[in-house]
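Here is a short structural report for a reader who works with coordinates. Please look over the sequence and the model before reading on.

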Amino acid sequence: MRPMTDLRLLPWSDPEGRPCYLSSDNGDSLLNRRADQIEALQLSMGMELLGHARALLDDRKANAGELRFLAQRLCEALRDALRVAESRGRRLPACSEERGD
C-alpha cells in the first residue's frame, strides 16, 4: 500500500457540518481503517435505501409525508456517497504515477 501523503476526506463532518480530514502517512492506521468501514456502511445503507425507495415509489397509496421522508433520506445517502467518491478519487494515483513517468 502506498503511503498517504495528502489529507484524506473522512466520511463524517464536525458538529457544525464542516468536513473532517485526516493527515497520515500510514494508509492502514486505525483511523483510516475505521473510515473505510464507515464508508462501506454508508454505501451499503444507500443501496438498501434505494430498494425501499423503489418499493415506495411503486406504491400508489404512498402519501406526501412518506415521500418527503424518503426524499430526505435519499439526499443524505447521496451526500454520503458523493463524499466517499470524492475521498476515494483524491487518493487515486495520478496517471503519470501509474505509468511511472
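The sections below go from the overall fold to single residues.

## Overall fold

This is a predicted model. The protein contains 3 helices and 2 strands. Along the sequence they follow the pattern β-β-α-α-α. The protein has 101 residues, and 26% of them count as buried.

Contacts were also sorted by sequence separation. Among those in the protein between residues at least 6 apart, 54% join residues at least 24 apart.

## Helix α1

Helix α1 runs over 30-58. Its end C-alpha atoms are 43 Å apart, which agrees with the 42 Å that its 29 residues should span at 1.5 Å a residue. The buried residues of α1 are N32, A35, I38, E39, Q42, L49, A53 and L56. That list mixes residue types: N32, E39 and Q42 are in it alongside A35 and I38. The cover over these buried residues includes β1, β2 and α2.

N32 has its place in α1. It counts as buried because its relative accessible area is 0%. The side chain of N32 also makes a polar contact, at 3.1 Å, with the side chain of S29.

## Helix α2

Helix α2 has 27 residues. From first C-alpha to last it reaches 39 Å, close to the 39 Å expected at 1.5 Å a residue. What caps its N-terminal end? The residue is N63: one of its side-chain oxygens lies 3.0 Å from the backbone nitrogen of G65.

The buried residues of α2 are L70, A77, D80, R83, V84 and S87. What covers them includes β1 (7-13) and α1.

## Nonpolar core

In soluble globular proteins, nonpolar side chains tend to be buried together. Here the largest nonpolar core has 6 residues: L49, A53, L56, A62, L70 and A77. Helices α1 (30-58) and α2 (64-90) each supply at least two residues of this core. The largest share, 3 residues, comes from α1.

L70 is one of the core residues. Setting aside residues up to four places away in sequence, L70 touches L49, A53, L56 and L57. Of these partners, L49, A53 and L56 are listed in the core too.

## Strand β1 and the loop before α1

L10 lies in strand β1. It is buried, because its relative accessible area is 4%. Which residues does L10 contact, leaving aside neighbours within four places in sequence? They are C20, Y21, L22, A35 and R83. Two of these partners sit in the helices: A35 is among the buried residues of α1, and R83 is among those of α2. L10 and N32 are 22 residues apart along the chain, and their C-alpha atoms are separated by 8.5 Å.

S24 is found in the loop between β2 (19-23) and α1. Is S24 buried or exposed? It counts as buried, because its relative accessibility is 14%. A polar atom of the S24 side chain lies 3.0 Å from the backbone nitrogen of N26.

## Rings and charges

How many aromatic pairs does a search of the whole structure find? The count is 0. A ring does take part in another arrangement: the charged end of R73 sits over the ring of F69, 4.5 Å from its centre.

Key: Residues are numbered from 1 along each chain as its sequence is written. This is a predicted model: local features need pLDDT of at least 70, side-chain atom pairs count only at pLDDT 80 or more; totals for chains, interfaces and linings use all residues. Side-chain values use heavy atoms; hydrogens and water are left out. Rings of Phe, Tyr and Trp (its six-membered ring) pair if their centres lie within 6.5 Å; planes under 30 degrees apart count as stacked, over 60 as edge-to-face and the rest as tilted. A charge sits over a ring if NZ of Lys or CZ of Arg is within 6 Å of the ring centre and within 35 degrees of the ring normal. A nonpolar core is a set of buried Ala, Val, Leu, Ile, Met, Phe, Trp, Tyr and Cys residues joined through side-chain atoms within 4.5 Å. Buried means under 20% relative accessible area, exposed over 50%, partly exposed in between (1.4 Å probe, protein chains only). Helices (H or I, at least four residues) and strands (E, at least two) are DSSP runs, numbered from the N terminus. Contact means heavy atoms within 4.5 Å. The expected span of a helix is 1.5 Å times one less than its number of residues. A polar contact is a pair of N or O atoms within 3.5 Å; within protein, one must be able to donate a hydrogen and the other to accept it, and residues adjacent in sequence count only if both atoms are side-chain atoms.
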